[in-house]
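I set out to record, entry by entry, what I looked up in this structure. The notes begin with helix packing and move on from there.

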Amino acid sequence: MEFKKTICCIGAGYVGGPTMAVIALKCPEYKVEVVDIDEAKIAKWNSDRLPIFEPGLEEVIRATRGKNLFFHTNMAQAIKESEVIFVSVNTPTKEHGEGAGMAADLRYWESTARTIREHAEGHKIVVEKSTLPVRTADAMAKILCNFSDCKSFEIVSNPEFLAEGSAIKDLLEPDRVLIGARDTEKGRQAALAIEEIYLHWVPKERILLSSVWSSELSKLVSNALLAQRISSINSITPLCEITGADIREVSRAAGMDSRIGGKFLNASVGFGGSCFKKDILNLVYIARSYGLEEVAAYWEWVVRMNEYQKHRFVKTMIRAMFNTLANKRICLFGFAFKANTSDTRETPALYITQKLLEEDASVVITDPKALENARSDLKGLSGNIEFVEDPYEAAKGSDAIAVITEWELYRDLDYGRIYDTMQKPAFIFDGRNILDHKALHSLGFQVYPLGARPLLHW
Ligand SMILES: NC(=O)c1ccc[n+]([C@@H]2O[C@H](COP(=O)([O-])OP(=O)(O)OC[C@H]3O[C@@H](n4cnc5c(N)ncnc54)[C@H](O)[C@@H]3O)[C@@H](O)[C@H]2O)c1
């Protein structure tokens with residue numbers, strides 16, 4: 001079939017795969033190629049067992065793969081053929097060297113830029129889909145443009161705002177699409193070329209055009225603001241537990257103020273995921289590198305509060321269970337960092353498992369989608385860990401259940417049946433406040449909600 005245009009995406013991860021699948025679905029006249037250096041991942045994209053779980057993703061892949069959506073590892077071919085090259089490689093936090101633990105590690109980005117420079121022919125629009133520090137496009141321009149004679153590049157920032165767990169819905173109905181380009185004729189043309197793709201399904205008023213720097217910074221700021229709301233409400237949970245206030249009532253009352261809004265105000269064991277922590281630390285690093293210490297310190301506390309919340313959760317468990325977890329069996333309900341995803345990057349469950357093992361507890365992990373990732377994350381940890389798919393089997397013989405992920409299925413279990421198979425006293429620590437605490441208490445459980453007084457039998 002003759003395609004009107006070819007576009008590609010380098011990086012077939014949580015962003016690259018779903019984003020390109022939706023573009024392929026909405027732009028059937030485009031050929032969309034998704035490439036990656038990870039051959040095993042590409043093989044999974046071409047199989048019935050996709051490398052990631054996202055509600056609705058399988059259907060979109062089924063409708064497009066092999067028609068106008070292609071997954072492969074031939075980077076040179078994809079770059080040569082494409083007018084527009086999206087780059088969605090990972091940008092983790094630097095692990096060593098200058099800025100370690102804070103700054104973004106741009107090695108994958110830079111190596112991609114060099115690959116593009118090597119294989120490109122003619123004019124290419126290079127789109128930053130990855131989340132990058134403000135002014136990265138400048139560095140990219142230097143790598144791409146300095147050495148090429150017969151090649152030309154325009155760099156556009158088009159950060160992705162999808163949330164894992166609702167990625168397909170977010171891509172189909174985005175709150176906004178942001179396109180940052182240079183204020184030059186070539187920059188404006190490139191922005192219009194990217195806008196043309198989204199106009200296939202996104203209303204024009206939802207497409208924002210801005211400078212490259214505003215676009216890069218907007219993505220970091222959006223994630224920082226979302227995480228800040230979680231840390232803000234979490235910071236109130238210990239106060240509720242001491243005073244007898246209930247965080248659910250407080251969030252509801254505060255969130256009904258239309259100036260505040262109710263979203264992202266649920267107290268939890270802490271945020272996770274590959275983005276929030278790294279993007280805030282990146283913002284902190286940038287602010288500090290410009291000498292803005294107060295700005296850096298302000299945002300750094302969002303991450304510190306999150307660490308505190310995870311730590312507090314484990315401390316509550318230890319105190320509640322008579323100051324020793326040795327030889328106790330603790331069942332974690334959920335390992336994914338949030339519901340509806342298999343992603344376990346930066347999940348609070350990892351920290352909690354490590355701490356429980358340090359206390360000589362046995363840990364049983366159950367999760368409907370993330371057990372494979374959990375196994376790989378915990379490989380090499382010493383201690384007694386079991387992975388059990390069925391939550392009833394997982395809870396059997398346990399002293400405590402800790403709800404870590406807000407999977408819907410955990411709301412609807414038969415807790416009477418679970419209670420009967422557990423050690424007594426049987427504890428429940430609800431790290432997401434998703435269960436019916438009064439009902440659990442009347443079944444006999446010792447119930448520890450977050451941000452409210454525990455419901456106990458003594
Ligand atoms: N995951 C999210 O919810 C989300 C949301 C918005 C933005 N982002 C941002 O999008 C970017 C990608 O995130 P992700 O979660 O998709 O990461 P990911 O780790 O799932 O995927 C990145 C992919 O890039 C590939 N890759 C790395 N270097 C490469 C190279 N040189 N050539 C080809 N492929 C290469 C990796 O093999 C991997 O498959 C990050 O900057 C992230 O901050 C993520």
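**Entry 1. Helix 12 and helix 13.** I worked from a predicted model. I began with the handedness of one helix pair and found that helix 12 passes helix 13 in a right-handed crossing. I located helix 12 at residues 293–320 and helix 13 at residues 348–358. Their axes come within 10 Å and cross at roughly 40°. I therefore entered helix 12 and helix 13 as oblique to each other.

I then asked which residues of helix 12 meet helix 13. On the helix 12 side I listed Lys310, Phe313 and Val314. Opposite them, helix 13 contributes Pro348, Tyr351, Ile352, Lys355 and Leu356. I sorted the residues of this contact into six nonpolar, no polar and two charged.

**Entry 2. Helix 1 and helix 3.** I next examined helix 1 (residues 16–26) and helix 3 (residues 57–64), which pack at an angle of about 50°. I noted that their axes are 9 Å apart. Helix 1 and helix 3 are therefore oblique to each other. Is their crossing left-handed or right-handed? I recorded the crossing of helix 1 and helix 3 as left-handed.

From helix 1, I found Pro18, Ala21, Val22, Ala24 and Leu25 in the contact. Helix 3 supplies Leu57, Val60, Ile61, Ala63 and Thr64. By class, the contact of helix 1 with helix 3 holds nine nonpolar residues, one polar and no charged.

**Entry 3. Helix 9 and helix 11.** I turned to helix 9 (residues 212–243) and helix 11 (residues 276–289), whose axes cross at roughly 115°. These axes come within 9 Å. I noted that helix 9 passes helix 11 in a left-handed crossing.

In helix 9, the residues I found at the contact are Leu220, Asn223, Ala224 and Ala227. They meet Phe276, Asp279, Ile280, Asn282 and Leu283 in helix 11. I counted this contact of helix 9 with helix 11 as six nonpolar, two polar and one charged.

**Entry 4. The open sheet.** I looked up the strand order of a six-stranded sheet and read it as 11-10-9-12-13-14. This sheet is open, and its pairing is parallel. Which strands lie at the edges? I found strand 11 (385–387) and strand 14 (446–448) there, each pairing on one side only. Neighbouring strands of this sheet are turned by 20° against each other on average, with direction ignored.

I followed one pairing in detail. Strand 10, at residues 362–366, pairs with strand 11 in the parallel sense over three bridges. Within strand 10, I looked up Val364 and saw that it stands opposite Glu386 in strand 11. As background, I noted that strands of a sheet pair through backbone hydrogen bonds.

**Entry 5. The ligand shell.** I listed 25 residues around the ligand. Which of them come nearest? I found Gly11, Gly13, Tyr14, Val15 and Ser130. I also asked where the largest share of the shell comes from, and the source is helix 5 (residues 107–119), with three residues. I divided the residues of the shell into nine nonpolar, 11 polar and five charged.

**Entry 6. Backbone geometry.** As a reference point, I noted that most residues other than glycine have a negative phi, and most peptide bonds are trans. I found that the peptide bond from Lys424 to Pro425 is cis, with omega near -5°. I placed Pro425 in the loop between helix 16 (415–421) and strand 13 (427–430).

I then checked Arg135, whose phi is near 85°, a positive value in a residue other than glycine. I located Arg135 in the loop between strand 5 (122–128) and helix 6 (136–145).

Note on methods: Residues are numbered from 1 along each chain as its sequence is written. This is a predicted model: local features need pLDDT of at least 70, side-chain atom pairs count only at pLDDT 80 or more; totals for chains, interfaces and linings use all residues. Two strands pair if DSSP finds at least two bridges between them. Helices (H or I, at least four residues) and strands (E, at least two) are DSSP runs, numbered from the N terminus. Axes are lines fitted to C-alpha atoms, for helices over the stretch in contact, and angles run from 0 to 180 degrees between N-to-C directions. A residue is near a molecule or strand if its C-beta atom, placed from the backbone, lies within 6 Å of it. Ala, Val, Leu, Ile, Met, Phe, Trp, Tyr, Cys and Pro count as nonpolar, Asp, Glu, Lys and Arg as charged, and the others, Gly among them, as polar. Angles under 35 degrees count as roughly parallel, over 145 as roughly antiparallel, 65 to 115 as roughly perpendicular and the rest as oblique. A crossing is left-handed if the near helix is turned anticlockwise from the far one by less than a right angle, and right-handed if clockwise. Two residues are in contact if their C-beta atoms, placed from the backbone, lie within 7 Å.
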